[in-house]
Amino acid sequence: MLSFLGSLVLLFLGYAIYGKFVEKVFGANSANETPAKRLNDGVDYVELDWKRAFLIQFLNIAGIGPIFGAVSGALWGPAAFLWIVFGSIFAGAVHDYLSGMLSVRHDGTTIAEIVGYYLGDKAKIIMRVFSVVLLILVGVVFVTSPADILSNIVGMDKLIWIGIIVLYYLLATVLPVDKLIGKIYPIFGASLLIMGIGIAIGLIVKGYDIPEITFQNLHPKHVSIYPYLFITIACGAISGFHATQSPLMARCMRNESEGRRVFYGSMIAEGVIALIWAAAAVSFFGGTEGLLAAGAPAVVVTTISNSILGKIGGALAILGVVACPITSGDTAFRSARLAIADALNFKQGPIKNRFLIAIPLFVIGVALCFVDFTIIWRYFAWSNQTLATIALWAGAVFLAKNKRNHWIATIPAVFMTAVVTTYILVAPEGFRLSENIGHIVGIVIAVISFIAFMMKAKKQ
């Protein structure tokens with residue numbers, strides 16, 4: 001229990017102390033006119049109060065990620081607490097803040113264009129394709145999974161639910177951000193936070209035995225902590241998907257001084273949610289063996305919610321496994337629209353322009369709903385962390401170029417380079433090399449990347 005409470009305290013201190021330090025290093029300036037003021041178009045560039053912007057950003061980046069990912073990561077035991085805490089403070093929140101604030105500085109542009117500006121045109125082209133494919137995959141999965149669950153709960157045919165969800169996604173993709181997303185997201189974001197706080201209070205009040213942090217690998221199948229834990233818990237520690245979402249709120253912020261609350265703060269809030277669910281998962285079922293036997297993350301979430309929170313918990317569980325995926329899916333498609341529009345320099349003020357991009361996206365998305373892409377989806381976790389790694393390197397180049405403390409981005413970028421390289425070399429869906437070879441090659445690639453960065457930084 002002490003480790004859990006101490007971890008919560010560290011997350012809040014991380015926001016208050018390290019978040020302030022990161023903000024100072026970046027050089028946020030409240031005198032700068034934000035894109036929301038300078039480019040206001042009533043569609044994507046709309047001024048929002050920081051509290052609404054925070055809740056929207058939190059829900060955009062969270063959804064079910066910090067819940068399902070943390071539940072899966074809890075199979076390694078309380079060692080997962082360490083990655084959630086230190087990953088959130090020193091990697092994920094830095095990544096989110098830099099990607100969000102760089103978008104603010106570059107007129108709310110999407111992550112591919114930012115990467116191109118700091119890492120070159122080749123990197124930009126790769127990131128354009130990479131990010132759009134990733135966003136479509138996210139959107140498609142968050143059509144089919146809620147449709148499956150709703151079909152089981154209500155009994156209506158899955159195809160009908162797919163149609164309803166896709167129609168909602170289309171509206172959320174093309175309507176002005178303050179008309180639909182700006183109104184319902186703060187409600188769902190607050191609900192997700194309340195759900196997490198309720199679970200935390202229930203764990204403490206009902207006396208669940210939350211184990212203390214240990215470096216011991218408690219995974220029932222003896223899966224290595226490195227690199228698998230660092231890929232499994234993405235949302236809740238660091239996630240490249242966040243960099244694709246940050247431009248949505250970068251186009252709505254009223255003042256640069258609000259960036260720490262909106263970007264760094266929402267990642268810390270997600271870390272809190274992930275920590276709570278990791279603690280709940282590892283303690284509720286009496287250990288990692290019981291957690292594995294409990295079933296899929298959706299079953300685990302429903303069981304814990306119903307037991308700790310009763311009827312309210314059941315309702316919130318449905319929110320967690322149905323509404324939250326939908327709110328991630330719609331912004332995934334919206335972000336894909338913005339990424340394509342930025343790449344084509346295609347203005348999105350006229351609604352017909354929005355439909356010209358959105359309709360082909362949804363044609364592809366609907367087609368993928370009927371294709372078995374389970375094997376392809378396995379690559380999502382790796383792709384997600386690879387995108388985060390590239391975004392961190394772009395942030396490091398920005399800081400070096402402006403003669404600021406680039407180490408806040410360079411150190412996590414080096415670490416994540418080693419992680420994603422090792423993972424794709426040793427994972428079952430990768431090259432399946434021995435872990436010894438994977439570890440060595442991962443370190444070598446990370447060192448080469450670091451040397452290349454230092455040479456680039458020296459030139460600049």
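This is a short walk through a predicted model, from its overall build to two helix packings and a few local details.

**Overall build**

The protein is all about helices here: the secondary structure comes to 18 helices and 0 strands. Its radius of gyration is 21 Å, close to the 23 Å that the globule rule gives for 460 residues, so the protein is as compact as a globular protein of that length. Along the principal axes, the C-alpha atoms fill a box of roughly 55 × 50 × 40 Å. Of the 460 residues, 58% count as buried. Look at contacts between residues at least 6 apart in sequence, and 82% of them join residues at least 24 apart.

**Two packings on α12**

Two packed helices are described by the angle between their axes and the distance between the axes. Helix α12 (residues 259-284) takes part in both of the packings below.

| Pair | Angle | Axis distance | Crossing |
|---|---|---|---|
| α9 (residues 181-205) and α12 | roughly 40° | within 10 Å | left-handed |
| α5 (residues 79-105) and α12 | about 155° | 8 Å | right-handed |

Start with α9. Its axis crosses that of α12 at roughly 40°, which makes α9 oblique to α12. On the α9 side, the contact is made by L192, L193, M195, G196, I197, I199, A200 and L203, and on the α12 side by A269, I273, I276, W277, A279, A280 and S283. Sorted by class, the residues of this contact are 13 nonpolar and 2 polar, with no charged ones.

Now for α5. With an angle of about 155° between them, α5 and α12 are therefore roughly antiparallel to each other, as angles over 145 degrees count that way. From α5, the residues in the contact include F81, I84, I89, D96, Y97 and V104, and those they meet in α12 include R260, F263, Y264, M267, L275 and V282. The contact of α5 with α12 divides into 17 nonpolar, 5 polar and 2 charged residues. One residue of α12 to pick out is A279, which is listed in the contact with α9 and also in the contact with α5.

**S30 and its distant partners**

S30 sits in the loop between α1 (2-26) and α2 (35-38). Is S30 buried, exposed or partly exposed? Its relative accessible area is 46%, so S30 is partly exposed. Setting aside neighbours within four places in sequence, S30 touches N255 and S257. The C-alpha atom of S30 is also 9.2 Å from that of R254, although the two residues are 224 apart along the chain.

**Backbone oddities**

Most residues other than glycine have a negative phi, and most peptide bonds are trans. A few spots in this model go the other way.

The peptide bond from Y226 to P227 is cis, with omega near 5°. P227 itself belongs to the loop between α9 and α10 (228-232).

Then there's K403, whose phi is near 55°, a positive value in a residue other than glycine. K403 lies in the loop between α16 (374-401) and α17 (407-426), and it is exposed, with a relative accessible area of 76%.

R432 tells a similar story: its phi is positive at about 55°, and it is not a glycine. You'll find R432 in the loop between α17 and α18 (435-459). At 62% relative accessibility, R432 counts as exposed, since the cut-off is over 50%.

Conventions. Residues are numbered from 1 along each chain as its sequence is written. This is a predicted model: local features need pLDDT of at least 70, side-chain atom pairs count only at pLDDT 80 or more; totals for chains, interfaces and linings use all residues. Side-chain values use heavy atoms; hydrogens and water are left out. Helices (H or I, at least four residues) and strands (E, at least two) are DSSP runs, numbered from the N terminus. Buried means under 20% relative accessible area, exposed over 50%, partly exposed in between (1.4 Å probe, protein chains only). Contact means heavy atoms within 4.5 Å. Axes are lines fitted to C-alpha atoms, for helices over the stretch in contact, and angles run from 0 to 180 degrees between N-to-C directions. Angles under 35 degrees count as roughly parallel, over 145 as roughly antiparallel, 65 to 115 as roughly perpendicular and the rest as oblique. A crossing is left-handed if the near helix is turned anticlockwise from the far one by less than a right angle, and right-handed if clockwise. Ala, Val, Leu, Ile, Met, Phe, Trp, Tyr, Cys and Pro count as nonpolar, Asp, Glu, Lys and Arg as charged, and the others, Gly among them, as polar. The radius of gyration is taken over C-alpha atoms; the globule rule is 2.2 Å times the number of residues to the power 0.38.
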